[in-house]
Amino acid sequence: MTLKVALRADVPIPLDVAFSVAPGELVALVGHSGSGKTTILRAIAGLWQPEEARVTVAGAVWLDSAAKVALPAHRRHVGMVFQNYALFPHMTAAGNVMAAMERPDRAEALRLLDLVNLHGFADRKPAQLSGGQQQRVALARALARKPAALLLDEPFSAVDRATRERLHAEILALRAHLAMPMILVTHDMNEAQLLADRMVVIERGRVVREGTTAAVMADPDALRAMGIREVAAMLPVTVEGADEDGLTRLDAATGPLYLPGVDSAPGTRLRVRIMAHEVILSRDRPVGLSAQNILPCTVTAIRAGDGPGVMVHLAVGADEIVASITRRAAAQLALQPGDTAHAILKSMSVARDHITGAGRT
């Protein structure tokens with residue numbers, strides 16, 4: 001059920017992109033505002049037709065300009081979630097979900113509402129629901145179409161931070177039940193890194209970088225195309241348990257991390273977003289530091305930028321993090337690929353929303 005997309009147009013914006021999304025995979029389209037991300041979703045959904053295009057899902061042709069095939073939007077099995085919910089205000093939650101079905105089925109609508117954690121809310125109208133609850137209804141409605149592809153256009157931008165964090169966790173859990181290709185458009189790099197398997201970076205209507213989330217977020221050139229400077233990596237950990245002082249021990253591949261505000265049961269697998277500028281490097285294991293987290297690691301690569309800094313890629317077991325340090329510091333440490341080192345991280349340097357579920361394996 002792979003989604004394959006190839007689009008080219010001169011108006012309303014120049015566009016020349018090609019990419020694919022595998023079954024069960026979530027790909028984030030990222031880039032500056034006006035780069036063409038939402039326009040791409042509109043073309044896939046059948047809401048806009050570019051001059052040259054081919055869109056197929058599992059071999060079924062939705063759009064082929066050369067063959068003059070262009071299925072209308074209602075004939076494409078697409079589920080789409082917008083940032084403004086777009087619910088019918090006069091309908092209940094269940095009614096909104098059933099409105100997307102070819103044959104309305106209340107029992108199936110209730111099942112989908114349960115799937116997005118809205119048990120007991122079926123008979124409430126949108127005005128009686130919070131923003132997060134309305135977005136869950138919109139997601140259930142998108143799934144009610146039994147979509148061959150799920151498109152998410154800035155779906156969490158209209159809710160507050162706490163609600164956004166909960167929705168991120170629910171999307172990660174929901175993905176175990178979803179087999180279709182998924183595309184997420186977002187300006188939030190933390191959101192993209194937490195949720196996506198791969199990223200496609202769009203700049204001025206063209207793909208300038210495509211790859212795994214880890215690879216793209218560790219690539220300074222790709223980050224510059226996205227207009228951000230903060231390199232980051234996702235480190236898998238397992239919850240060991242909470243200590244009396246409020247810190248939780250999380251076991252990484254080469255040692256423990258102690259972080260505050262982690263409310264997960266022992267044995268839970270999580271991922272921690274480690275910002276490169278928060279990592280300090282030492283050749284030897286330091287002593288007498290206030291920093292609680294010291295991870296043995298191996299230097300795998302050193303990438304110099306245009307300015308005074310370098311990116312040091314570090315293997316933590318089979319995982320990777322990145323440290324942003326100055327050229328001077330790298331020279332003083334005499335770091336080379338293959339060298340052993342220690343990555344140091346303050347417990348308070350990891351934001352609460354930089355810790356999330358394990359995601360797809």
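**Exercise 1. Work out the surroundings of Gly36 in this predicted model.**

Start with contacts: setting aside residues up to four places away in sequence, Gly36 touches Ile13 and Leu15. Next, place Gly36 on the chain: it sits in the loop that links strand E3 (26–30) to helix H1 (37–45). Now check the accessibility. The relative accessible area of Gly36 is 5%, and the cut-off for buried is under 20%, so Gly36 is buried. Finally, look along the chain for a distant partner. Ile202 is 166 residues away from Gly36 in sequence, yet their C-alpha atoms are separated by 7.1 Å.

**Exercise 2. Classify the packing of helices H3 and H4.**

First, grab the geometry: H3 (residues 106–115) and H4 (residues 131–144) pack at an angle of about 130°, and their axes are 9 Å apart. Roughly antiparallel would need an angle over 145 degrees, and roughly perpendicular covers 65 to 115. That leaves H3 oblique to H4. Then pick out who does the touching: H3 contributes Leu112, Leu113 and Leu115, while H4 brings Val137, Ala140, Leu143 and Ala144. As for the hand, H3 and H4 make a right-handed crossing.

**Exercise 3. Lay out the open sheet of 5 strands and find its edges.**

Begin by writing down the strand order, which is E14-E13-E12-E15-E21, with antiparallel pairing. Now ask which strands pair on one side only. Those are E14 (256–260) and E21 (355–357), the edge strands. Going from one strand to the next, the twist averages 45°. Zoom in on one pair: E12 (residues 232–242) and E15 (residues 269–275) run antiparallel to each other and share 7 bridges. For a concrete example, take Thr238, whose bridge partner in E15 is Arg269.

**Exercise 4. Decide whether His342 is buried or exposed, and list what surrounds it.**

Locate the residue first: His342 belongs to strand E20 (residues 340–345). Its relative accessibility comes out at 14%, so His342 counts as buried. Next, go through the contacts, again leaving out residues up to four places away in sequence. His342 touches Ile280, Leu281, Ser282, Arg283, Asp284, Arg285 and Pro286, and also Ile294, Leu295, Pro296 and Cys297. Last, look for a polar partner for the side chain. A polar atom of the His342 side chain lies 3.3 Å from the backbone oxygen of Arg283, and the cut-off for a polar contact is within 3.5 Å. Arg283 is also one of the residues in the contact list of His342.

Technical notes. Residues numbered from 1 in each chain as written. Predicted model: local features only at pLDDT ≥ 70, side-chain atom pairs only at ≥ 80, totals over all residues. Heavy atoms only, no water. Pairing = 2+ DSSP bridges. Helix = DSSP H or I, 4+ residues; strand = E, 2+ residues; numbered from the N terminus. Axes fitted to C-alpha atoms, helices over the stretch in contact; angles between N-to-C directions. Buried < 20%, exposed > 50% of the residue type's maximum accessible area, 1.4 Å probe, protein only. Polar contact = N/O pair within 3.5 Å; in protein donor to acceptor, adjacent residues only side chain to side chain. Contact = heavy atoms within 4.5 Å. Parallel < 35°, antiparallel > 145°, perpendicular 65-115°, else oblique. Left-handed = near helix turned anticlockwise from the far one by under 90°.
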